[in-house]
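Here is a set of short exercises to work through with a structure open beside you. Try each task before reading its solution.

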Amino acid sequence: MNLSLPYQAKKTLQLSLPIIFGELAQMALHLIDTAMVGALGYKYLASAALVIAVMNIPFVIGIGITMSVSQLVSMAHGQRDGQKVSHYFYNGFWLCAAAALVISLSLVLGKNILLHLGQDPEVARMAVPFLELMSWSIIPMLLFMALKQFTDGLEKTRTAMIISLIALPLNIFLNWLLIFGNLGFPRLELVGAGWGTLITRSLMFVALGIVVLTHPVFCRYMAVRRNQWQLRWQTMKELLHIGIPSALQVGLESGAFAISGILIGTINATSQAAHQIALSCASFTFMISMGLAQGSSIRVSNAHGARNRPLILAIGRSTLITGLLYGTICAICFILFRHPLARLFNEDDATVRQLAAYLMFFAAIFQISDSTQAIGAGLLRGVKDVTVPTILIAIAYWVIGIPIGYWMAFGLKMGAAGIWTGFIIGLSCSSLFLSIRFLRRASRSL
């Protein structure tokens, strides 16, 4: 067995690349929506940012729950137990379906909260119907993610990637029709972007569902459905043991960004729009880190199922080094191309562009820690260590990062820059906490 770090980094990249392209395609859908809505005006962009800030926390909690599917499927795959793989898939899918329904209905029923967050009244009014459509789109998206986690757990990562890439031009076309009212369609503006997302996500779920149920690669797991497709509370407990802490982890991080976005919105709509531009760029680069984290987590979980401790440590070290290198490259690119990136989202308002370019400096600084903290969390999930890391993440963001950011923004009158300084501090603490914990646990296990 080759345990050299370059070899293990290459193996992780080979598995992660389709996941990364799939994640980038999903993020590209969001960026395209943002850019096309931004063409309508900065208040439309601010409305979209407000909706994303409010729905992001419950949405990523749902994504966190889907992660339990890939972890347990990967572990069973490492044990070469196809019956257990099928059983985890079935129970995991219905767990994710229940979570999707609860999250979506909660957001739809609570949509009018947007009118009571101290935002610009016009921005909040435009955001309400957009939130409703985006909330309904969570159901097909989380169902798609449940199927994706199943295929990823089997290391068949190209399946969901292909569907995600095909969805990209479809979403652009639907936005072109519905946002701007082309080819005789009604001009729905922000609501049109919501319809485009809902239709695209629904088609993605249907397409991946057909592949999973009919493709020969997955037939062996479908063939045992009579014996294994039974809902069992003990299996649900296993899924929730990983899913709930994983959901809390991503929820705590995304929640910190969402709350910070709402705080920035209380400053003015210009700051909100600039913040959304910088955050969209940072979120795009983060998708590659997330793909690396998922790929390394699947490999570590597989090695954990096979009880191969030396391989676990080699995978972890090599992926953390890869994350460091990637974060450094992103930081340099953010600094060099901050003005063109800002102009990509808004050409009409110079004030928004200038502030967005300024916030890009802060986004550049936290690229390294953002990448390594995501990888550290993924590696720990792979060895089924989820409870303590959740506590560490909570401390990093909510005890350290957000309070410092709030104090700098409003106490020191730094505005949006103060909030982003809090991001840097919180992400750096999270990266150190998680990376050190994984390396210590993996080393002690040898």
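The exercises below concern this predicted model.

**Exercise 1. An aromatic pair**

Task: Find how phenylalanine 150 and tyrosine 221 are arranged as an aromatic pair, and which parts of the chain they bring together.

Solution:
- Start with the total: the count of aromatic pairs comes to 13.
- Take the pair of Phe150 and Tyr221: the ring centres lie 6.1 Å apart, and the angle between the planes is 90°.
- Edge-to-face requires an angle over 60 degrees, and this pair is edge-to-face.
- Next, place the residues. Phe150 belongs to helix H5 (residues 138-153) and Tyr221 to helix H8 (residues 219-222), so the pair ties together parts that are 71 residues apart in sequence.
- Check the surroundings: Phe150 and Tyr221 are both buried.
- Finally, widen the view. Ring pairs join Phe150 and Tyr221 in a cluster with Phe89, Tyr90, Phe218 and Trp229.

**Exercise 2. Two buried polar residues**

Task: Determine whether threonine 66 and glutamine 228 are buried or exposed, and list what each touches beyond four places in sequence.

Solution:
- Threonine 66 sits in helix H2 (residues 42-78).
- The cut-off for buried is under 20% relative accessible area. Threonine 66 has 1% relative accessibility, so the residue counts as buried.
- Apart from neighbours within four places in sequence, threonine 66 contacts Cys96, Leu142, Met145, Ala146 and Gln149.
- A useful distance to check: the C-alpha atoms of threonine 66 and phenylalanine 93 are 8.1 Å apart, with their positions 27 residues apart along the chain.
- Now turn to glutamine 228, found in helix H9 (residues 225-228).
- Glutamine 228 is at 14% relative accessibility and therefore counts as buried.
- Setting aside residues up to four places away in sequence, glutamine 228 touches Gln83, Ser86 and His87.

**Exercise 3. The nonpolar cores**

Task: Which residues of the largest nonpolar core touch the most other members?

Solution:
- The largest nonpolar core has 72 residues, and those touching the most other members are Val51, Leu114, Phe144 and Phe150.
- By element, H2 supplies the largest share of this core, with 18 residues.
- Look at one of these members. Beyond its neighbours within four places in sequence, valine 51 contacts Leu114, Ala127, Phe130, Leu131 and Met134.
- There is also a second, separate core, which has 62 residues, among them Ala273, Leu313, Phe345 and Ile419.
- As background, nonpolar side chains tend to be buried together in soluble globular proteins.

**Exercise 4. Checking two helices**

Task: Compare the end-to-end distances of helices H14 and H6 with the expected spans, then find what their buried residues pack against.

Solution:
- Helix H14 (residues 350-365) has 16 residues, so at 1.5 Å a residue it should span 22 Å; the end C-alpha atoms are 24 Å apart, which agrees.
- The buried residues of H14 are Val352, Ala356, Ala357, Leu359, Met360, Phe362, Ala363 and Ala364.
- Those buried residues pack against H11 (269-305), H12 (309-336), H13 (338-345), H15 (367-382) and H17 (416-444).
- Helix H6 (residues 158-178) has 21 residues, so the expected span is 30 Å; its end C-alpha atoms are 30 Å apart, in agreement.
- In H6 the buried residues include Thr159, Ser164, Asn171 and Asn175, along with Ala160, Met161 and Ile163.
- The buried residues of H6 pack against H1 (5-38), H5 and H7 (190-214).

**Exercise 5. The largest pocket**

Task: Which elements line the largest pocket, and which of them gives the most?

Solution:
- Begin with the volume of the largest pocket, about 290 Å³.
- The lining has 16 residues, and the closest to the centre are Leu31, Cys281, Phe284, Thr285 and Leu341.
- Sorted by element, H1, H11, H12 and H13 each give two or more residues to the lining.
- H11 gives the most, with five residues.

**Exercise 6. Positive phi in two loops**

Task: Where do glutamate 155 and glutamate 189 lie?

Solution:
- Glutamate 155 is in the loop between H5 and H6. Although not a glycine, glutamate 155 has a positive phi of about 65°.
- With a relative accessible area of 35%, glutamate 155 is partly exposed.
- Glutamate 189 is in the loop between H6 and H7. Its phi is also positive, at about 55°, although glutamate 189 is not a glycine.
- At 23% relative accessibility, glutamate 189 counts as partly exposed.

Note on methods:
Residues are numbered from 1 along each chain as its sequence is written. This is a predicted model: local features need pLDDT of at least 70, side-chain atom pairs count only at pLDDT 80 or more; totals for chains, interfaces and linings use all residues. Side-chain values use heavy atoms; hydrogens and water are left out. Rings of Phe, Tyr and Trp (its six-membered ring) pair if their centres lie within 6.5 Å; planes under 30 degrees apart count as stacked, over 60 as edge-to-face and the rest as tilted. Helices (H or I, at least four residues) and strands (E, at least two) are DSSP runs, numbered from the N terminus. Buried means under 20% relative accessible area, exposed over 50%, partly exposed in between (1.4 Å probe, protein chains only). Contact means heavy atoms within 4.5 Å. A nonpolar core is a set of buried Ala, Val, Leu, Ile, Met, Phe, Trp, Tyr and Cys residues joined through side-chain atoms within 4.5 Å. The expected span of a helix is 1.5 Å times one less than its number of residues. On a 1 Å grid over the protein atoms alone, a cavity is a set of points where a 1.4 Å probe fits but cannot get out, and a pocket is an open set with protein on both sides within 12 Å along at least five of seven lines; lining residues have an atom within 4 Å of a point. Grid points are joined across faces, edges and corners, and a volume is the space filled by probe spheres set on the points.
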